[in-house]
Amino acid sequence: MTKILYIAASPRGPMSQSGKLAEAYLAARQADQPDVAIDRLELWNADLPEFDGDKAAAKMTFFGVGDMDAPRQSAWDQVVAVTNRFIGADEYVLSVPMWNGGIPYKLKQYIDIITQPGLLFGFDPEAGYSGLLSGKLARVFYTSGVYAPGAPAYYGTDHHSTYLGWWLDFIGVREIETVRFQPSLLTADPAGDQLKALECAQGLHLQQA
């Protein structure tokens, strides 16, 4: 059975444009594959631990800095619990609005929690970093109010899809498909552009049908 982890990065619930695209994809996917399991992670309602001093210190023990004492081990166990939910999925669906040129801070917090040595990436002094995931898929739905690919710089800069695409590749997710509704405000036909984006989102399911 295919397991999908849907990571919703917008706090706007049913009003979220990126969320509407992701839900359209998931509905079409489930219609074709009724036994697919969808695990929904609403980041703004999730009890995400702070990546505080003990967790940072625990991480550094993997690089030979300090020892994994009891407080650090307890902090690390929290990280592992959150990360195992991510690792256990076969496919990732992310709805990601642009915030100030980048991703929402709740998504960045989640990424900072789970992107850990020995869990999502490895490191060799000579070979550098390597992603530890394999055979995973990602479907990412990007929205923004004003920014659009190819628009003049005064409409914004994309640290949004560039960062998230880099991160997915960093952890070993190579098969990535994206759908954009950009811009969602500065467009002559908002409803028409939204419909096109929804149709693209629904069409992605055919790749798994």
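Modeller: Helices and strands here are DSSP runs, a helix being H or I over at least four residues and a strand E over at least two, numbered from the N terminus. The model above is predicted. With those names, P183 can be placed in the loop between β7 and α6.

Biologist: What joins Q182 and P183?

Modeller: As background, most peptide bonds are trans. The bond between Q182 and P183 is cis, with omega at about -5 degrees.

Biologist: What is phi of N100, and where is N100 found?

Modeller: The general expectation is that most residues other than glycine have a negative phi. N100 has a positive phi, near 50 degrees, and is not a glycine. N100 lies in the loop between β3 (91-97) and α4. Its relative accessibility is 86%, so N100 counts as exposed.

Biologist: Which phi does G172 take?

Modeller: G172 comes just after α5 and has a positive phi of about 105 degrees. In α5 itself, residues 161-170, the buried residues are S161, L164, W167, L168 and F170.

Biologist: How does one read a helix with a buried face, and which residues are buried in α6?

Modeller: The general idea is that an α-helix has 3.6 residues a turn, so residues three or four places apart point the same way. In α6 the buried residues are A197, L198 and A201. Seen down the axis of α6, these buried residues fall within an arc of 100 degrees, so they line one face of the helix. Their cover includes α1, β6 (137-143) and β7 (175-181). As for length, α6 has 14 residues and spans 20 Å from its first C-alpha to its last, close to the 20 Å expected at 1.5 Å a residue.

Biologist: Where is C200, and is C200 buried, exposed or partly exposed?

Modeller: C200 belongs to α6. With a relative accessible area of 46%, C200 is partly exposed, because that class lies between 20% and 50%. C200 and V93 are 107 residues apart in sequence, while their C-alpha atoms are 14 Å apart in space.

Biologist: At what angle do α1 and α6 pack?

Modeller: Packing of two helices is read from the angle between their axes, the distance between the axes and the handedness of the crossing. For α1 (residues 17-32) and α6 (residues 190-203) the angle is about 35 degrees and the axes are 7 Å apart. The crossing is right-handed. On the α1 side, Q17, K20, L21, A24, Y25 and A28 take part, and they meet Q194, A197, L198, A201 and Q202 of α6. The residues of this contact divide into seven nonpolar, three polar and one charged.

Biologist: Which residues is I114 in contact with, beyond its neighbours within four places in sequence?

Modeller: A contact list of this kind shows what surrounds a residue apart from its own stretch of chain. For I114, found in α4 (residues 105-114), the list is V82, T83, F86, L120 and W167. One of these, W167, is among the buried residues of α5. I114 has 0% relative accessibility, so I114 counts as buried. I114 and G172 lie 58 residues apart in sequence and 13 Å apart in space, C-alpha to C-alpha.

Biologist: Is D47 buried or exposed?

Modeller: D47 has 77% relative accessibility and therefore counts as exposed. D47 sits in the loop between β2 (37-42) and α2 (53-61). D47 and E126 are 79 residues apart along the chain, and 37 Å separates their C-alpha atoms.

Conventions. Residues are numbered from 1 along each chain as its sequence is written. This is a predicted model: local features need pLDDT of at least 70, side-chain atom pairs count only at pLDDT 80 or more; totals for chains, interfaces and linings use all residues. Side-chain values use heavy atoms; hydrogens and water are left out. Buried means under 20% relative accessible area, exposed over 50%, partly exposed in between (1.4 Å probe, protein chains only). Axes are lines fitted to C-alpha atoms, for helices over the stretch in contact, and angles run from 0 to 180 degrees between N-to-C directions. A crossing is left-handed if the near helix is turned anticlockwise from the far one by less than a right angle, and right-handed if clockwise. Contact means heavy atoms within 4.5 Å. Ala, Val, Leu, Ile, Met, Phe, Trp, Tyr, Cys and Pro count as nonpolar, Asp, Glu, Lys and Arg as charged, and the others, Gly among them, as polar. The expected span of a helix is 1.5 Å times one less than its number of residues. The arc is that of the directions from the helix axis to the C-beta atoms.
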